[in-house]
Amino acid sequence: MPKAARSSKKADEIKNEDEAPTKTISKGEAITKQRARGLAKAAKLSGPLKGLTLTLCGTLEMTQNALEQLIESNGALCSRVYNCPCYGKATHMITNEDGLKSTSKKMAEAKKAGLPLVSLQWLHDSIAAGVPKPVDAYLLTA
């Protein structure tokens, strides 16, 4: 390495030493902060699905981003995992026949926990009704 480059690198290292050290937080503290952000987000949501946390599995008729927007614009949280540090455990999983065949960790956890596995039609009908519809007519079984 040329002498000029070495001295430049040392100057950068010295400069970085003057910066305030970053605080290391524990995993528990990080989860607590994530949960606080999730609760703050939930408090801002309103609509017929308020209080629900939905998760998605499978290739559905809408893109994941479009579904997340639809879900959140109607008051529910949309989690990409079954047990999210931010939002807690999902209350419903929206899926389809192909999603039921998934070997993903999320689907396995949802089935093990007895989470209602409902069709996308449940979401649309719940929004149209202005309240979450009973899941019985929308349940999907493997």
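In the predicted model, an open sheet is built from 4 strands, arranged in the order β2-β1-β5-β6 with parallel pairing. The edges of this sheet are occupied by β2 (77-79) and β6 (117-118); each has a single partner strand, so one side of each is left without a neighbour in the sheet. Strands of a sheet pair through backbone hydrogen bonds, in either a parallel or an antiparallel manner. Strand β1, comprising residues 53-56, runs parallel to β2 and is joined to it by 3 bridges. Within this pairing, T53 is placed opposite L77 of β2, and T55 is placed opposite S79 of the same strand β2. The side chains of β1 are divided between two directions: T53 and T55 point one way, L54 and L56 point the other way, and all are buried.

The sheet belongs to a protein with 6 helices and 6 strands. Read from the N terminus, the order of elements is α-α-β-α-β-β-β-β-α-α-β-α. The protein has 142 residues, of which 32% count as buried. Its accessible surface amounts to about 9,100 Å², and carbon and sulfur atoms account for 55% of that area. Among contacts between residues at least 6 apart in sequence, 65% join residues at least 24 apart.

Two helices are described here in relation to the strands. Helix α6 (residues 120-129) lies across β1, β5 (92-94) and β6, and runs at about 110° to β5. In helix α5 (residues 105-113), the buried residues are K106, M107 and A110. Viewed down the axis of α5, these buried residues fall within an arc of 95°, so they line one face of the helix. An α-helix has 3.6 residues a turn, so residues three or four places apart point the same way. The buried residues of α5 pack against β1, β5, β6 and α4 (97-100), whereas the face turned away from the buried side carries the exposed residues K105 and K112. Just after α5, a positive phi of about 75° is found at G114.

The largest nonpolar core contains 16 residues, and those with the most contacts inside it are L54, L56, I71, I94, W122 and L123. Two or more residues are given to this core by each of β1, α3 (64-73) and α6. Helix α6 supplies the largest share, 3 residues. A second, separate core has 9 residues, among them M93, L100, M107 and L117. M107 thus appears both in this second core and among the buried residues of α5.

The surroundings of I94 illustrate the packing around the largest core. Apart from neighbours within four places in sequence, I94 is in contact with L54, T55, L56, C57, L60, I71, V118, S119, L120 and L123. One of these partners, L60, is located in the loop between β1 and α3. The relative accessible area of L60 is 16%, so this residue counts as buried under the 20% limit. With neighbours within four places in sequence set aside, the contacts of L60 are L67, I94, T95 and N96. L60 and N96 are 36 residues apart in sequence, while their C-alpha atoms are 7.0 Å apart in space.

Notes: Residues numbered from 1 in each chain as written. Predicted model: local features only at pLDDT ≥ 70, side-chain atom pairs only at ≥ 80, totals over all residues. Heavy atoms only, no water. Pairing = 2+ DSSP bridges. Contact = heavy atoms within 4.5 Å. Axes fitted to C-alpha atoms, helices over the stretch in contact; angles between N-to-C directions. Buried < 20%, exposed > 50% of the residue type's maximum accessible area, 1.4 Å probe, protein only. Arc of directions from axis to C-beta. Core = buried A, V, L, I, M, F, W, Y, C linked by side-chain atoms within 4.5 Å. Areas by Shrake-Rupley, 256 points an atom, 1.4 Å probe, with all protein chains shown as cover.
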